[in-house]
Amino acid sequence: MGLVYVNGEFVDSERASVSVFDHGYLYGDGIFEGIRAYDGVIFKLDEHLKRLYSMAKALLIDIPLTMEEMKEKVVETVRINNLRDAYIRLVVSRGKGDLGLDPYKCPKPTVVIIADKITLYPESMYQNGLKIITSTYRRNSIQALDPQIKSLNYLNNILAKIEAVKAGYPEALILNQEGYVAECTGDNIFIVSNGTLYSPPSAVGALGGITRATVIDIAKQMGIPFEEKYFSLFNVYTADECFLTGTAAEAIPVVEVDHRVIGDGKPGPITKKIIEEFRKLTTVLGTKVY
Ligand SMILES: Cc1ncc(COP(=O)(O)O)c(CNc2cccc(C(=O)O)c2)c1O
């Protein structure tokens with residue numbers, strides 16, 4: 001049985017809970033981070049915390065810990081559970097209030113840190129690549145709720161995920177309302193065409209992924225040209241390679257989109273090299289737990 005950090009205390013995971021009057025639960029009023037530890041190193045913890053505090057600022061949530069204190073609590077949560085490889089879920093909500101949605105009736109944000117195991121995709125999917133479809137659900141407009149904020153409002157992603165799973169696919173691509181490719185339900189997207197790597201800017205309606213940023217750095221170090229560019233499904237269908245990036249998924253090849261075979265239908269050479277380089281970095285760029 002693991003221990004979960006809840007508002008300053010470590011509680012058995014079976015008993016860990018938040019109030020039913022918590023606005024994260026009642027209204028999805030909150031944000032979260034998904035972080036990974038590899039062999040006792042928490043990958044890019046600083047980058048994740050920087051994003052968390054930026055998102056909190058955007059929502060006017062005043063996290064009751066400094067970034068340094070939060071960093072110590074994340075490390076302590078992995079350590080107290082004796083984990084070396086872990087998926088860490090850090091959730092900050094507006095906190096306990098009354099049944100109205102007024103955030104100014106929530107005196108103190110709730111902070112929850114969970115460290116556990118997660119396996120999103122089996123190794124075979126990394127070897128063979130994913131087959132995905134495009135969801136009929138469009139990404140919510142940045143004028144309504146900016147997808148750069150990793151909020152507790154994941155219904156847009158969940159509805160697209162339901163569509164994929166019901167159709168027999170592990171993941172779905174989401175377009176924005178203009179028809180540009182945004183990202184998948186839980187991952188950013190890259191395509192490779194004529195030796196250049198492309199990924200849409202976050203302004204398309206996508207999370208500014210930490211893994212995406214890492215892959216862009218890897219590409220630069222490998223001398224692979226990278227361009228941030230809006231692109232359509234046509235560009236995906238006709239790409240030489242395609243892959244997705246996310247903390248849980250890392251980098252995973254895509255070999256078919258909407259029944260269009262990408263390249264030769266196998267994980268591409270640039271994709272495979274990037275995956276190899278990414279895995280090398282995971283125990284180098286991060287914060288030691290032990
Ligand atoms: C919408 C979205 N876009 C991109 C990413 C990748 O971002 P990072 O490279 O910073 O992790 C995410 C995060 N990926 C994520 C978060 C929560 C659950 C699941 C799941 O697939 O169950 C996936 C995400 O939720």
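Before we start, one bit of vocabulary: Ala, Val, Leu, Ile, Met, Phe, Trp, Tyr, Cys and Pro count as nonpolar, Asp, Glu, Lys and Arg as charged, and the others, Gly among them, as polar. Also keep in mind that you're looking at a predicted model.

**Stop 1: the second largest pocket.** Select Val18, Val91, Thr110, Val112 and Leu152, the lining residues closest to the centre of this pocket. Its volume is about 250 Å³, and 16 residues line it. Sort them by type and you get 10 nonpolar, 4 polar and 2 charged. Now colour β5: with 4 residues, this strand gives the largest share of the lining. β1 (3-6), α1 (23-27) and β6 (110-116) each supply at least two residues as well.

**Stop 2: the largest pocket.** Next, pick Phe32, Lys150, Tyr154, Thr185 and Gly186, which lie nearest the centre of the largest pocket. Here you have about 800 Å³ of space and a lining of 39 residues: 16 nonpolar, 14 polar and 9 charged. Which helix should you highlight for the largest share of this lining? Go for α5, which brings 5 residues. Then colour domain 1 (3-116) and domain 2 (123-283), since each gives at least three residues to the lining of the largest pocket.

**Stop 3: helix α3.** Finally, select residues 67-80, a helix of 14 residues that reaches 20 Å from its first C-alpha to its last. Show the side chains of Met70, Lys71, Val74, Val75, Thr77 and Val78, which are buried. They cover an arc of only 155 degrees around the axis, so they sit on the same side of α3. Just past the helix, click Asn82, where phi is positive, at about 50 degrees.

Technical notes: Residues numbered from 1 in each chain as written. Predicted model: local features only at pLDDT ≥ 70, side-chain atom pairs only at ≥ 80, totals over all residues. Heavy atoms only, no water. Expected span 1.5 Å × (residues − 1). Buried < 20%, exposed > 50% of the residue type's maximum accessible area, 1.4 Å probe, protein only. Arc of directions from axis to C-beta. 1 Å grid on protein atoms, 1.4 Å probe; cavity = no way out; pocket = protein on both sides within 12 Å on 5 of 7 lines; lining within 4 Å. Points joined across faces, edges and corners; volume = space filled by probe spheres on them. Domains from an automatic or database assignment.
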